[in-house]
Amino acid sequence: MSSITLHRARTVLPVATPPIADGAVAVRDGRIVAVGTHDDLTAELGTAVGERHEWDGTLTPGLVNAHTHLQYTDMAAVGRGSYPSFETWALAFEQGYRVEHDWAASAAEGARQSIEGGTTAVAEIVTDPAAGSAVHDAGLHGIVFWEVFGFKRAGWEVDGRERVLAQLDALPSPPATGLSPHAIYSLDTDVFRSLQQLAEEQGVRLHIHAAESASEDEFARFGTGPLADRWRGLGHSDMQLLSAGGSGSGVVHYLDTVGVLTPHSHLAHGIYVDADDRALLRERGVSVALCPRSNAVIGLDAPPIAAYLREGNPIGVGTDSLSSSPSLHVLDDVAELHRLAQVQGYTGDDLHARLLHAATAGGARALGLGLGSGPAPSGFLAADARADLAVFDVASTSPRDALAELVESAPAAVATIVDGRTLWTAAPSTGSGNQGAGSGTQGADSGTRQNGTNR
Ligand SMILES: [Zn+2]
């Protein structure tokens, strides 16, 4: 059996259990062996510890980006704009998309930026095959979803299923792969049903953009509004939702009627939802990835974070892509959610803890990688969990203040560790690879780390 690596930090935030001052996480063979105070673990594990890392900052589970398109990393110019509506952003996106891109390089750069933000797992949506291997190549966890859009019933019946299956099969694994039916306005009702069936047959998860814009809501309810007009103008009046004059209900209930709200699916955005919709999502076990900075760039309303928290919906945090967001750093969206929750009147004193939970365990749950998902769950620090860790440049010394600083001020990452392997670090930890017990015990504050300059 290989020896244990001990990661020590001024504060350890296990998520599933209370914060630990001068904490440590013991790792072996890609799994966590134990979590506790540095002194307790040192006494308990003794000579079983080989390598030691002394990190200057706060150690957390690796962040989970529950909604992104790393493929569009080189479309940051679009994301730097600000837009009055979803439709105006979509036009800018389409123009930016049409010029020639090296999607493989763009997605690889997105994976690099993600890792440098402390992210260890992503819900990545791939639209062009060239972008399909970036997550695999980078060694990140998560799910790579093949995006399906632009199918009406007739076209789907010709060869849609075969084409989608071929694209799904072409995605390299690990990580797991999945299907992303794009949105209710870009696929016919029967195609959604068929994709649900296909996902079940293949044993893969679904991820859907949903309730992102007011015009999408109107499209679903009545088959009217700016998005519906645009689709009719492009010759798609025969879409089932449009020719039927809408479904009579909002996006979430419509998706339920086509059978895609299951514990094996998760949604992105979830802005235009009411209490009924949120109750249905809870009933179906469906998580929502909230992407508040993307919503702001596109000129949409803010997600109802306070309501989601108060009512107990499972949520994750996504950055979306750089074509609609300033960075791929999940903590930037966490800070924005913190601000929004306060603006929306959330008064619970658990806000910091719940938002860190959303960005870690909540994201893992959304991707089917959380507690109960299998022998090596992720998103929290506990014995037997996957050793996916991140360290952040947090100055606060008390665990309570460190948690608040982490959530409110989006500190830079210091290190990203996947399966117990340091995938990236801003600068080496102090400590040692010495096999002798009791060595490498410099104080956690004595590190020589440069300030993270990766933002
Ligand atoms: Zn998206």
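How many nonpolar, polar and charged residues make up the lining of the largest pocket? In this predicted model, the count by class comes to 13 nonpolar, 11 polar and 7 charged residues, and it helps to look at where that lining is drawn from before turning to the second largest pocket.

The largest pocket holds about 760 Å³ of space. Its lining consists of 31 residues, of which Glu94, Phe149, His182, Tyr185 and Trp231 are the closest to the centre of the pocket. Two helices, H3 (86-98) and H9 (226-233), each supply at least two residues of this lining, and the largest share, 7 residues, comes from H3.

The second largest pocket encloses about 330 Å³ of space. It is lined by 16 residues, and the closest to its centre are Pro19, His352, Ala353, Arg400 and Leu403. The elements that give two or more residues to this lining are helix H16, which spans 351-366, and helix H17, which spans 399-409. Sorted by class, the lining of the second largest pocket has 10 nonpolar, 3 polar and 3 charged residues.

Where does the second largest pocket lie with respect to domain 1 and domain 2? Domain 1 is made of two segments, 4-62 and 379-425, while domain 2 covers 64-367. Because both domains give residues to the lining of the second largest pocket, this pocket lies between them.

Note on methods:
Residues numbered from 1 in each chain as written. Predicted model: local features only at pLDDT ≥ 70, side-chain atom pairs only at ≥ 80, totals over all residues. Heavy atoms only, no water. 1 Å grid on protein atoms, 1.4 Å probe; cavity = no way out; pocket = protein on both sides within 12 Å on 5 of 7 lines; lining within 4 Å. Points joined across faces, edges and corners; volume = space filled by probe spheres on them. Helix = DSSP H or I, 4+ residues; strand = E, 2+ residues; numbered from the N terminus. Nonpolar A, V, L, I, M, F, W, Y, C, P; charged D, E, K, R; others polar. Domains from an automatic or database assignment.
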